Amino acid sequence: MNNDLLLSHFLKKTNTYQQESANITIAALEKSADETIQSEEKNDMLSFRDEILNFIKNSINAQRYNAFFHQSLECKKIQDDCIHFSVPTNFIKKIITEQYSDLMANSIEFVLGKSYPYEISVLQKKAMPANGESAQSIQSETPAIKVGQKKNVKDITFTLNDEMEQECENVSNQSMLKQSDFNSLQFDQKKTFQTFIVGPSNNLAHASAIAVSREPGKAYPVLYFYGHSGLGKTHLLHAIANSIAKNHPRLNVLLVSGNELISQIINAYTQKQVPALMDYYTKQIDVLMIDDIHELKDRTGPQNQFFQIFNELLNAKKQIVITSDKDPKDITGIEERVRTRLSSSLTIEIQQPDLETRIAILKKKALAEDIFIPEDVVKLIARCIRNNVRELEGSLVKLAAWSSVYKTDIDIEVAKELLKISEADQEKTITIETISKTVSNYYKISVADLKSKVRNKDITTARHVAMYLSYFIGKATLTEIGFFYGRRDHTTVMHAVNKIKNNLKSDQTLTNTLYEIETLL
């Protein structure tokens, strides 16, 4: 072969190698890109799954969350027309589908901002090898064990056939039914007195709850909280329960909802176990806490049993704590003797939080959940969402979830869009002038009287209230307030503010007054 042929042959080989190398490089890059995309998609689905689970965890008790969702629910695929979840067993799928379908739909809408259809499938078990088939096909399920090597428990796996799985489901069902007969809601460890934000709307309820937790059955044997949903009644129940469990471990505390109590009483009647139910409540329980007692309305049988339980516990000097959405006298559909018993308790109304309290709630919630929300967004939410603490916290979590999923910072415009807040929803600017006019109208005195040197009791009280609101709501300085109200010294203003602040701890009438005035602002 001559030199020209050798050179031609060499160049062809070189071109071939270069082409193959280029093809390999392109394939590697494409593979790397695919792996990156798959990794990002997996991370997004994990993040979405975690947000869904977090919503569900805050909506049901811990026992059922751990049984049916924690380490069970997985997000497999997110498509434009459907979200695909998977669970490990048919039993879990059945429970979620039959009992928690609305919760699943609500959690998806909460995280994504709008509703999406979803479906739940069961992870397919890998089939056992057929006769003559190599065991290689199931190596991923059963780790190989060398001959003579000791087996570790973690190396052993079990496969249930359909009959065995059904038996496990039946046993699980029976166990759950037995537990639920006399089971209470588990105490939420996050709901403590330390995490409860105190303000003018709930300070008396907070103080009485602490007193009960320190001396159950002595301070206030029957304590009754009422108010609209989402204002912290259930939080106080869990706070009392957690405190008693810590400081009085020998006392048995039972926390049930009104609906759970009704179910237990009905089951006891059906199974002819009413005496056992009564013995459990009156002899084994030291602190009975019932959330939403108004659920007993129009239920004659459960009311009768509750009346007997109430009397037995009261006679035994045990503690009873009850919550409702109404004052006992305003609950329709309950017997007069039950109403009388409830009315004999220390009855405290929890009102809607003021602006200052709402801001404090949002900041503490953000700190506890490690959520970053700018100060101006916090104030926007506090100004626009006034009636419900649960809605207040939910809006914060929704913004954080959105930021986590879309990797975008939250600002005022995003908050308005996501929470559907408009400028009209925001509270108007509150000044010393607007406060003074509102207070004077409420007390039926003139603004000139507030600014005067007159010191009769009615005008002095109104002046102190106006100074307190000007400081905490109007955000005016002590000097500005003193100058407005008759050129008084800032120390006089501080004295007035502190006096109102201290009186709020024990004066429910003053608390109601401040709430009514703020509503008018």
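This passage describes the overall make-up of a predicted protein model and then some of its local features.

The protein has 521 residues, of which 41% count as buried, and its chain is arranged in 21 helices and eight strands. The accessible surface of the protein amounts to about 30,000 Å², and carbon and sulfur atoms contribute 51% of that surface. When contacts with a separation of 6 or more are considered, 72% of them in the protein are between residues 24 or more positions apart. A pair of residues separated along the chain is given by Tyr280 and Ile309, which are 29 residues apart in sequence and whose C-alpha atoms are 9.9 Å apart in space. Tyr280 belongs to helix 9, which covers residues 274-284, and this tyrosine counts as buried because its relative accessibility is 18%, where the limit for a buried residue is under 20%.

Nine salt bridges are held in the structure, and several of them can be described individually. Arg337 is joined to Glu335 by a salt bridge in which the closest N and O atoms are 2.8 Å apart. Both partners are partly exposed, Arg337 having a relative accessible area of 34% and Glu335 a relative accessibility of 26%. Another salt bridge is formed by the side chains of Glu336 and Arg339, with an N to O distance of 3.4 Å. Because Glu336 and Arg339 are three residues apart in helix 11 (residues 336-343), about one helical turn separates them. The two ends of this bridge differ in their exposure, since Glu336 counts as exposed at 53% relative accessibility, whereas Arg339 is buried, with a relative accessible area of 15%.

A further salt bridge involves the side chains of Glu375 and Lys363, which meet at 3.1 Å, N to O. Glu375 lies in helix 13 and Lys363 in helix 12 (residues 355-368), so this pair ties together parts that are 12 residues apart in sequence. Glu375 is partly exposed, with a relative accessible area of 40%, and Lys363 likewise counts as partly exposed, at 39% relative accessibility. Elsewhere, Arg49, Asp50 and Glu74 are linked in a network of salt bridges.

Charged residues also come together at the surface, where Asp376, Asp409, Asp411 and Glu413 gather in a patch of negative charge. Within this group, Asp411 is placed in the loop between helix 14 (389-406) and helix 15 (412-419), and Asp411 counts as partly exposed because its relative accessibility is 38%.

Helix 15, which follows that loop, contributes several residues to the interior. Its buried residues are Val414, Ala415, Lys416, Leu418 and Leu419, and these buried residues pack against helix 13 (375-384) and helix 14. After helix 15 comes Lys420, which has a positive phi near 55 degrees.

The backbone angle of Lys420 introduces the last feature considered here, namely positive phi values. In general, most residues other than glycine have a negative phi. Against that background, Lys272 has a phi near 55 degrees, which is a positive value in a residue other than glycine. Lys272 is located in the loop between helix 8 (258-270) and helix 9, and this lysine is exposed, with a relative accessible area of 75%. Lys317 also has a positive phi, of about 60 degrees, although it is not a glycine. The place of Lys317 is in the loop that runs between helix 10 (300-315) and strand 7 (319-324), and at 69% relative accessibility Lys317 counts as exposed.

Conventions
Residues are numbered from 1 along each chain as its sequence is written. This is a predicted model: local features need pLDDT of at least 70, side-chain atom pairs count only at pLDDT 80 or more; totals for chains, interfaces and linings use all residues. Side-chain values use heavy atoms; hydrogens and water are left out. Patches are made of residues with over 30% relative accessible area and no salt bridge: like charges are joined within 9 Å, nonpolar side chains (Val, Leu, Ile, Met, Phe, Trp, Tyr) within 5 Å. Accessible areas come from the Shrake-Rupley method with a 1.4 Å probe; for residues, only the protein chains shown count as cover. A salt bridge is a side-chain nitrogen of Lys or Arg within 4 Å of a carboxyl oxygen of Asp or Glu. Lys and Arg count as positive and Asp and Glu as negative; His and the chain ends are not counted. The place of a charge is taken as NZ of Lys, CZ of Arg, CG of Asp or CD of Glu. Helices (H or I, at least four residues) and strands (E, at least two) are DSSP runs, numbered from the N terminus. Buried means under 20% relative accessible area, exposed over 50%, partly exposed in between (1.4 Å probe, protein chains only). Contact means heavy atoms within 4.5 Å.
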